[in-house]
Amino acid sequence: MKKIVLTLSLLAIAAAAQAQSSVTLYGRIDNGIQYESGLPQGHKISAESGDWGCSWFGMQGAEDIGGGSQIIFQLEGQLNTQNGQSAGSLFGRHATVGVTNANYGTFKLGNLGAGEISQDSWAIDPQLLQRYAVATLVHGRNWVTIANGFEYTTPTIAGLVIKGQYDLSNNTNWNTSATPTGQGRGDAIEAVYDIGGLELRGIYDELRSSTGKFDDVYAHSRSAIAGGTYTLGPVKLYAGYQHLNAPDATNETVGVTNGLPGGVTAPTSVNHEWLGAAWQANAATLLTGAVYHANANNGNGNATMYTLAGTYNLSKRTFLYSEFAYLHNSSTSNIDLGNDSYGPNTNTSSSQAGLSNPDYGHSMTGVFAGIMTSF
């Protein structure tokens, strides 16, 4: 009888331990076909991984430590599922450990990676940060990642949540990196106010270069974003504004010494705004449309992008997607559909043949379609 009681006790302890901790493996795969025209070398048809969203693989877990608190962790890396290679470092998207409590909020530290606050702009983007979306006209500025970070998120209080991040340069000079290609100091704050059908979001972030300066408006700059969404039955309306500022930017700091149109120099500020709507046509079908416009100073002109997209759910885990975009550049603008870096068109150089910046004043058209599945 004692042996039976002991066995049952051990089973109960094991079951309780299992309930108090968990580890989850997860991921998603996005593969599709893409067509783009307006490139200096003509048009291009390509097989792509990640047009709707990045493919990734990761694991996350939680362990109860009492008092309503849990120790949490997340490891996540990005994949190119067209060739099977890692897109970046092994856990470049996330490598964090932290603690969470429903009453006190959540604290994380480590490689915040793709959790950098500017990427939360997807929530006020009609196209949800796809290839043709809120990052396109700002050369991928909203795609930035960050390392050496700390993050705190408050619990929800009367519909309000505030998140803050701080990212160290890991150098004796507080603002600069120890290596020329390293990360300078970064910081960011976000406020989200959600009262049902209306959600308002404000984001401010700073990312310095390895020399500790704001010397590239599309990479090392201050970014302020404000916007919101409003849901009316099956329709969700979007509006947003972004201002970028890099007072230290020069042609040299952005890597441009010639090739710009006459009178044009590296931009130090950009104004970016967008409007759009999403319509849940039925349980499986979502249709979205949006217009984005960006204007850069110092003679760099402006660009406008018009987009239409849709998704169709095959199941809870899998959907088909497609998006069309038309991007119009003014006479001194050469923004492309691929989030490439700022600079003159150098596609005629064999060493730069992979870049996709159009000629100044030229338009681009793109369309892609594919399938996304998650597990």
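This passage describes side-chain contacts, the nonpolar core and surface, and selected backbone features of a predicted model.

Aromatic contacts are considered at the outset. A pair of aromatic rings is described by the distance of the centres and the angle of the planes. Across the whole structure, eight aromatic pairs are found, and one of them is formed by Y321 and F368, whose rings are arranged edge-to-face with 5.9 Å between the centres and 70° between the planes. This pair connects distant parts of the chain, since Y321 belongs to strand β17 (residues 318–329) and F368 to strand β18 (residues 364–374), with 47 residues separating the two in sequence. Y321 has a relative accessibility of 4% and therefore counts as buried, the limit for that class being under 20%; F368, at 1% relative accessibility, likewise counts as buried. Both residues of the pair also belong to an aromatic cluster, in which Y321 and F368 are joined by W52, Y132 and F319. A further contact involving an aromatic ring is made by R28, which lies over the face of W56 at 3.6 Å from the ring centre.

Strands β17 and β18 appear again in the nonpolar interior. In soluble globular proteins, nonpolar side chains tend to be buried together. The largest nonpolar core of the model comprises 43 residues, and the members that touch the most other members are L137, Y218, V270, Y292, M305 and Y342. Two or more residues of this core are contributed by each of β14 (269–280), β15 (285–296), β16 (302–313), β17 and β18.

Nonpolar side chains also come together at the surface, where I65, I71, V97, V99, F107, L109, F150, Y152, Y166 and W174 make a patch of about 830 Å². At least two residues of this patch come from each of β6 (94–101), β7 (105–111) and β8 (149–153). W174, by contrast, is located in the loop between β9 (160–167) and β10 (186–194); with a relative accessible area of 52%, W174 is classed as exposed, because the limit for exposed residues is over 50%.

Charged contacts form a further group of features. Side chains of opposite charge can pair when their charged atoms come close. Nine salt bridges are found in a search of the whole structure. In one of them, R93 is paired with E76, and the closest N and O atoms are 2.5 Å apart. Here too distant parts of the chain are linked, as R93 lies in the loop between β5 (85–86) and β6, whereas E76 lies in strand β4 (residues 69–80), 17 residues away in sequence. R93 and E76 are both buried.

Two salt bridges converge on E190. In one, the side chains of K163 and E190 meet with an N-to-O distance of 3.9 Å; K163 is located in strand β9 and E190 in strand β10, so this pair ties together parts of the chain that are 27 residues apart in sequence. K163 is buried, at a relative accessible area of 17%, and E190 is buried as well, at 4%. In the other, the side chains of R201 and E190 meet at 2.6 Å, N to O. Because R201 lies in strand β11 (residues 198–207) and E190 in strand β10, this second pair ties together parts that are eleven residues apart in sequence. Like E190, R201 is buried. Through shared partners, salt bridges join D120, K163, E190, E199 and R201 into one network.

Backbone features complete the description. V235 is found in strand β13 (residues 235–245) and, with 26% relative accessibility, counts as partly exposed. Although V235 and A281 are 46 residues apart in sequence, their C-alpha atoms are 8.7 Å apart in space. Positive phi values in residues other than glycine are seen at L128, where phi is near 55°, and at N148, where phi is about 55°. L128 is situated in the loop between β7 and β8, and N148 likewise lies in the loop between β7 and β8. L128 is partly exposed, with a relative accessible area of 30%, and for N148, which is also partly exposed, the relative accessible area is 30%.

Key:
Residues numbered from 1 in each chain as written. Predicted model: local features only at pLDDT ≥ 70, side-chain atom pairs only at ≥ 80, totals over all residues. Heavy atoms only, no water. Phe/Tyr/Trp six-rings, centres within 6.5 Å; stacked < 30°, edge-to-face > 60°. Helix = DSSP H or I, 4+ residues; strand = E, 2+ residues; numbered from the N terminus. Buried < 20%, exposed > 50% of the residue type's maximum accessible area, 1.4 Å probe, protein only. Lys NZ or Arg CZ within 6 Å of the ring centre and 35° of its normal. Patch = residues over 30% accessible without salt bridge, like charges linked within 9 Å, V, L, I, M, F, W, Y side chains within 5 Å. Areas by Shrake-Rupley, 256 points an atom, 1.4 Å probe, with all protein chains shown as cover. Salt bridge = Lys/Arg side-chain N within 4 Å of Asp/Glu carboxyl O. Core = buried A, V, L, I, M, F, W, Y, C linked by side-chain atoms within 4.5 Å.
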